[in-house]
Amino acid sequence: MKKIIVVLLLLSSTIIHAQGQKGVVFHQGLTWDQLKEKARKEKKFIFLDAYTTWCAPCRMMDSTVFPQKKVGEFFNRNFISVKVQFDITKNDNEEIKSWYKDAKMIKSAYAIKSYPTFLFFSPDGEYIHRIVGASAIGEEFISKSEDALNPDKQYYILKRRYEAGKKDPDFLLLLQKAAVRASDSDFIPLITNEYLKTQKNLLSEENLKLLLVATLKSNDPGFSIFQNYSIKADLFLGNGKSLQIVKDIVTTEVVIPYLRKGGTRIKMGEGFFSYSSENIEENPDWNKLTMQLNDQYPMLAEDIVIESKPMYYGWTQNWPKFSESVEHYILKNGDLADGSRLNIYAWTILSKCDDSKSINAALKWCRKAIYIQNGKDISTLNTYTNLLYKSGRKAEAIKNQEETIKMSGGVDSRLTDVLNKIKNNEKTW
């Protein structure tokens, strides 16, 4: 009798959550094992929303996508849906706490590295598909999720076919595109390079774009393409893109081991890296490094050293030298400077330095980046807002952020969070 009452309570918690809801019904009161059993009995797929409390795109999905009637109709018809919180806070209720153990297991078992991540399982509990990252439009998210219902597009089913020996060019390309949608970062370069080996013309627009994600080392096929055919490649990829890929790889393979005494770096996102060694060279001989680079990459050596100095002085927090090296980079490149790079330099000062002279210099770099990017890069505009605020120009910061939010379409809650913090005199960086 006691067990029956417990089951009824669990069922009622799910039903109550569903009442009056037009959007996606997320089931509560069930453990991971109970959820899988429910899916098996009802012959429905499982949709798991892996989120954290600090994730702004997760909140955007909750506020704008999941409540939509058409999204709800699609998911409620095809899936047993559940939301699982993957961080721990002091405000967690009993429902969230009951998932702590399962959340830890799921994160490890399915290699969840960023949020939101959406996992899909068959009615039999087989892991078949994933989507990484939010969608601002309901129809777009439905379209991506439909792949989870199609055996010819389910990512992990495709991957198992590949492991079983299916490797014709059309299939490899299909799997490559699925790997990108699933953000399978370790597998993407492997499958992309395998597909490219079947191609006779690596300089086609489609293959050049594939080389962008496949070229991570100097012995990858794309490295020599980008180094020797940069002008043709840039017609499709954008001015300066090819040689920047080459320079980034050379920096990883030659410069980092020199400046960090054998250390390496791993790309974490556009412009952001993690490093394996804290043994930073105290007094690097830049002339020696230039000569070493000249032996293999004479046309690129000067540029690579110029771009490496801000990185090094940022590590050592030598802000006068950092500013000096950024100014040298801007002087060398002029309007051909990389706006995203300037934004990263400016954010480094914002987040790590309180010196007013350096902050004013970073404001200037931001303005240069905004000019280069035609005022269209939201990230740079947001950095500029933060720097205005940090420099004491609160009214200008508020005005700039309001304009940035308007330009972005108002879908990024992180921008609004910054604006509200500025108005409340709170720290934003």
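Here are some exercises with worked solutions on a predicted model.

**Exercise 1. The disulfide and the free cysteines**

Find the cysteines that form a disulfide, give the handedness of the bond, and describe Cys353 and Cys366.

*Solution.*
- Step 1: Start with the total, which is one disulfide in the structure.
- Step 2: Look for the sulfur pair. The partners are Cys55 and Cys58, with sulfur atoms 2.3 Å apart, inside the 2.5 Å cut-off.
- Step 3: Turn to the torsion. About the S-S bond of Cys55 and Cys58 it is about 85°, so the disulfide is right-handed.
- Step 4: Check the surroundings of the pair. Both Cys55 and Cys58 are buried.
- Step 5: Now take Cys353, which is in no disulfide; its nearest cysteine sulfur belongs to Cys366, 14 Å away. Cys353 has a relative accessible area of 2% and is buried.
- Step 6: Finish with Cys366. It is in no disulfide either, and the nearest cysteine sulfur is that of Cys353, at 14 Å. Cys366 is buried as well, at 0% relative accessibility.

**Exercise 2. One face of a helix**

Work out which residues of helix α7 are buried, how they are arranged around the axis, and what they pack against.

*Solution.*
- Step 1: Helix α7 covers residues 138-146, and its buried residues are Gly138, Phe141, Ile142 and Ser145.
- Step 2: Look down the axis of α7. The buried residues fall within an arc of 100°, so they line one face of the helix.
- Step 3: List the packing partners of these buried residues. The helices are α3 (56-65) and α4 (69-78), and the strands are β1 (45-51), β2 (79-85), β3 (117-121) and β4 (127-132).

**Exercise 3. Aromatic rings and charges**

Classify the ring pair Phe74 and Phe75, place it in its aromatic cluster, and then find the lysines that lie over a ring face.

*Solution.*
- Step 1: Recall that two numbers describe a pair of aromatic rings: the distance of the centres and the angle of the planes.
- Step 2: The structure has 37 aromatic pairs. For Phe74 and Phe75, the ring centres are 5.1 Å apart and the planes stand at 90°, so the pair is edge-to-face.
- Step 3: Add the accessibility. Phe74 is buried at 6% relative accessibility, and Phe75 is buried at 0%.
- Step 4: Widen the view. One aromatic cluster takes in Phe74 and Phe75 along with Phe26, Phe45, Phe47, Phe66, Phe79, Phe118, Phe120 and Phe141. Phe141 has already appeared among the buried residues of α7.
- Step 5: Move on to the charges. Lys159 lies over the face of Phe187, 4.5 Å from the ring centre, and Lys167 lies over the face of Tyr162, 4.8 Å from the ring centre.

**Exercise 4. Backbone features in loops**

Locate the cis peptide bond, then say where Ala111 and Gln317 lie and what their phi values are.

*Solution.*
- Step 1: Scan omega. The bond joining Tyr115 and Pro116 is cis, with omega about -5°. Pro116 sits in the loop between α6 (100-109) and β3.
- Step 2: Scan phi. Ala111 is not a glycine, yet its phi is positive, about 50°. Ala111 is found in the loop between α6 and β3 and is partly exposed, with a relative accessible area of 41%.
- Step 3: Gln317 also has a positive phi, near 55°. Gln317 lies in the loop between α16 (301-315) and α17 (319-333) and is partly exposed, at 46% relative accessible area.

**Exercise 5. Two buried helix residues**

Describe the surroundings of Asn386 and of Pro189.

*Solution.*
- Step 1: Asn386 belongs to helix α20 (residues 378-390) and is buried, its relative accessible area being 0%.
- Step 2: Examine its side chain. The side chain of Asn386 makes a polar contact with that of Thr428, at 2.5 Å.
- Step 3: Leaving out residues up to four places away in sequence, Asn386 touches Trp347, Leu350, Val418, Thr428 and Trp429.
- Step 4: Pro189 is in helix α10 (residues 188-196) and counts as buried at 11% relative accessibility.
- Step 5: With residues up to four places away in sequence left out again, Pro189 touches Val213, Ala214 and Leu216.
- Step 6: Close with a distance. Pro189 and Ile370 are 181 residues apart along the chain, and their C-alpha atoms are separated by 32 Å.

Technical notes
Residues numbered from 1 in each chain as written. Predicted model: local features only at pLDDT ≥ 70, side-chain atom pairs only at ≥ 80, totals over all residues. Heavy atoms only, no water. Buried < 20%, exposed > 50% of the residue type's maximum accessible area, 1.4 Å probe, protein only. Helix = DSSP H or I, 4+ residues; strand = E, 2+ residues; numbered from the N terminus. Arc of directions from axis to C-beta. Contact = heavy atoms within 4.5 Å. Phe/Tyr/Trp six-rings, centres within 6.5 Å; stacked < 30°, edge-to-face > 60°. Lys NZ or Arg CZ within 6 Å of the ring centre and 35° of its normal. Polar contact = N/O pair within 3.5 Å; in protein donor to acceptor, adjacent residues only side chain to side chain.
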